[in-house]
Amino acid sequence: MRKLLLATTAIAFGLSAAAPAFAEFNDRNIRVSNGINEDHPVGNGIKAMQACLDQKSGGKLKLTAFWGGALGGDLQATQALRSGVQEAVVTSSSPLVGIIPALGVFDLPFLFGNAQEAYTVLDGDFGDMMNEKLEAAGLVNLAYWENGFRNLSNSVRPVTKWEDFEGMKVRVMQNNIFLDTFQNLGANATPMAFGEVFSALETKAIDAQENPYVTIDTSKFFEVQKYVTETNHAYTPFLFLFSKPIFDSYTPEEQAALRECAVVGRDEERKVIQELNKKSLEKIKEAGLEVNTLSADEQARIREKSMVVYEKHKAEIGADVVDAILAKLEEIRK
């Protein structure tokens with residue numbers, strides 16, 4: 001009897017010792033807005049993040065993802081975060097430059113030479129500096145996820161040097177930095193709604209477009225193009241943003257779990273998007289397109305040619321931001 005009593009006491013003590021591990025977590029339903037669809041790698045990241053949160057919070061912190069802009073566009077959702085009426089959004093940096101002009105730094109051309117450079121910058125001191133600017137605007141960035149590099153496809157000629165852009169009609173987003181980038185290279189930069197691009201390529205109204213490999217693949221642009229060049233001319237990250245007013249109302253344990261699990265989700269999302277890009281590139285090659293990569297020397301040459309775009313937009317982005325990222329990249333490349 002005494003042994004049974006001791007065993008029961010030990011079990012009860014063990015349970016009471018374990019209970020406080022989740023005592024600082026409340027039952028929360030965290031709405032996460034996305035402009036993209038659930039089959040995007042962000043969906044894999046959300047699942048990995050949720051698994052991590054389940055483990056840390058005992059299932060109390062739940063992510064509810066809304067896909068395809070169901071809660072509004074990225075800018076609208078981000079404003080809802082700032083007002084404290086919605087918890088989170090996964091958004092590209094580009095739509096938010098009107099709120100935080102410093103984010104325009106990620107639109108600058110030929111900024112990162114490869115993914116590892118981007119990760120080193122975003123996950124380090126520079127990323128922390130940008131996060132402080134986001135917090136001042138009422139937004140907590142839990143982690144930088146991946147949107148990916150944009151590359152060029154065209155129906156005219158292989159692009160191996162910047163002079164090959166001369167006279168090429170390239171569809172770009174309605175973004176002043178993108179317009180200036182391609183015009184500076186001698187191209188005829190043409191803003192156009194995404195839904196019009198395929199038919200414009202097919203009818204030769206435009207010669208070229210620029211997007212990540214996955215978009216070139218899923219949009220079947222390879223059916224109306226002959227050449228693809230890995231230009232890596234723009235890398236725009238996704239940000240996992242949380243409402244600062246709501247985040248500040250959470251316990252320290254909840255905040256720590258969200259930050260740590262957003263990094264787990266980030267790593268999974270990056271891995272999946274890299275794998276998907278490789279598969280999409282293979283499909284593009286199998287479709288018969290000629291694919292080439294800009295050499296490191298040519299990439300450096302084009303980056304130098306593009307410095308006029310950096311100077312033109314430096315004041316609106318913030319001289320401190322542009323100088324800081326260029327200094328960091330110079331340090332990495334030594």
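**Exercise 1. Aromatic rings.** Ring pairs link F106, F126 and Y144 into a cluster in this predicted model. Classify the pair formed by F165 and F182 by the arrangement of its planes, and state which parts of the chain the pair ties together.

*Solution.* A pair of aromatic rings is described by the distance of the centres and the angle of the planes, and the structure holds nine aromatic pairs. For F165 and F182 the ring centres lie 5.9 Å apart and the planes meet at 65°, so the pair is edge-to-face, given that an angle over 60 degrees counts as such. As to position, F165 belongs to the loop between strand 5 (149-154) and strand 6 (169-172), whereas F182 belongs to helix 6 (residues 176-184), and the pair therefore ties together parts that are 17 residues apart in sequence. Both F165 and F182 are buried.

A further pair can be treated by the same steps. F242 and F247 form an aromatic pair with 5.6 Å from centre to centre and 65° between the planes, which is edge-to-face. F242 has a relative accessible area of 0% and is buried, and F247, with a relative accessible area of 2%, is buried too.

**Exercise 2. A charge and a ring.** Determine which residue lies over the face of W162, and at what distance from the ring centre.

*Solution.* The residue is K305, which lies over the face of W162 at 4.2 Å from the ring centre. The cut-off for this arrangement is a distance within 6 Å, together with a position within 35 degrees of the ring normal.

**Exercise 3. Two residues of helix 10.** Describe the surroundings of G265 and R266, beginning with their place in the chain and ending with their contacts.

*Solution.* G265 is placed in helix 10 (residues 252-286), and R266 lies in helix 10 as well. The relative accessible area of G265 is 0%, so G265 is buried; that of R266 is 13%, so R266 is buried, since the limit is under 20%.

For G265, the C-alpha atom is separated by 4.5 Å from that of M49, although the two residues are 216 residues apart along the chain. Not counting residues up to four places away in sequence, G265 touches G45, A48, M49 and W145. With neighbours within four places in sequence again left aside, R266 is in contact with D123, A143, Y144 and W145. W145 thus appears in both sets of contacts, and Y144, a contact of R266, is also a member of the ring cluster with F106 and F126.

**Exercise 4. A strand residue and a loop residue.** Work out whether L63 and N26 are buried or partly exposed, and list what each of them touches.

*Solution.* L63 is found in strand 2 (residues 61-66), and its relative accessible area of 13% makes it buried. Leaving aside neighbours within four places in sequence, the contacts of L63 are I30, V32, I46, M49, Q50 and L53. One of these, Q50, is 13 residues away in sequence and 6.5 Å away in space, taken from C-alpha to C-alpha.

N26 lies in the loop between helix 1 (2-18) and strand 1 (28-34), and with a relative accessible area of 36% N26 is partly exposed. When residues up to four places away in sequence are not counted, N26 touches K60, L61, T251 and E254. The C-alpha atoms of N26 and G59 are separated by 9.7 Å, and these residues are 33 residues apart along the chain.

**Exercise 5. Backbone angles.** Give the phi values of K204 and N232, and say where in the chain these residues are placed.

*Solution.* Most residues other than glycine have a negative phi, and most peptide bonds are trans. Against this background, K204 is not a glycine and yet has a positive phi of about 65°; K204 sits in the loop between helix 7 (197-202) and strand 8 (208-211). N232, likewise a residue other than glycine, has a positive phi near 50°, and its place is in strand 9 (residues 227-235). N232 is buried, with a relative accessible area of 10%.

**Exercise 6. The whole chain.** Summarise the secondary structure, extent, burial and charges of the protein chain.

*Solution.* The secondary structure comes to 13 helices and 11 strands, and the C-alpha trace spans about 90 × 45 × 40 Å along its principal axes. Of the 334 residues, 52% count as buried, while the accessible surface comes to about 14,900 Å², of which 53% belongs to carbon and sulfur atoms. Among contacts between residues at least 6 apart in sequence, 76% join residues at least 24 apart. Finally, the chain has 35 positive and 46 negative side chains, and the centres of the two sets lie 3 Å apart.

Note on methods: Residues are numbered from 1 along each chain as its sequence is written. This is a predicted model: local features need pLDDT of at least 70, side-chain atom pairs count only at pLDDT 80 or more; totals for chains, interfaces and linings use all residues. Side-chain values use heavy atoms; hydrogens and water are left out. Rings of Phe, Tyr and Trp (its six-membered ring) pair if their centres lie within 6.5 Å; planes under 30 degrees apart count as stacked, over 60 as edge-to-face and the rest as tilted. Helices (H or I, at least four residues) and strands (E, at least two) are DSSP runs, numbered from the N terminus. Buried means under 20% relative accessible area, exposed over 50%, partly exposed in between (1.4 Å probe, protein chains only). Contact means heavy atoms within 4.5 Å. Accessible areas come from the Shrake-Rupley method with a 1.4 Å probe; for residues, only the protein chains shown count as cover. Lys and Arg count as positive and Asp and Glu as negative; His and the chain ends are not counted. The place of a charge is taken as NZ of Lys, CZ of Arg, CG of Asp or CD of Glu.
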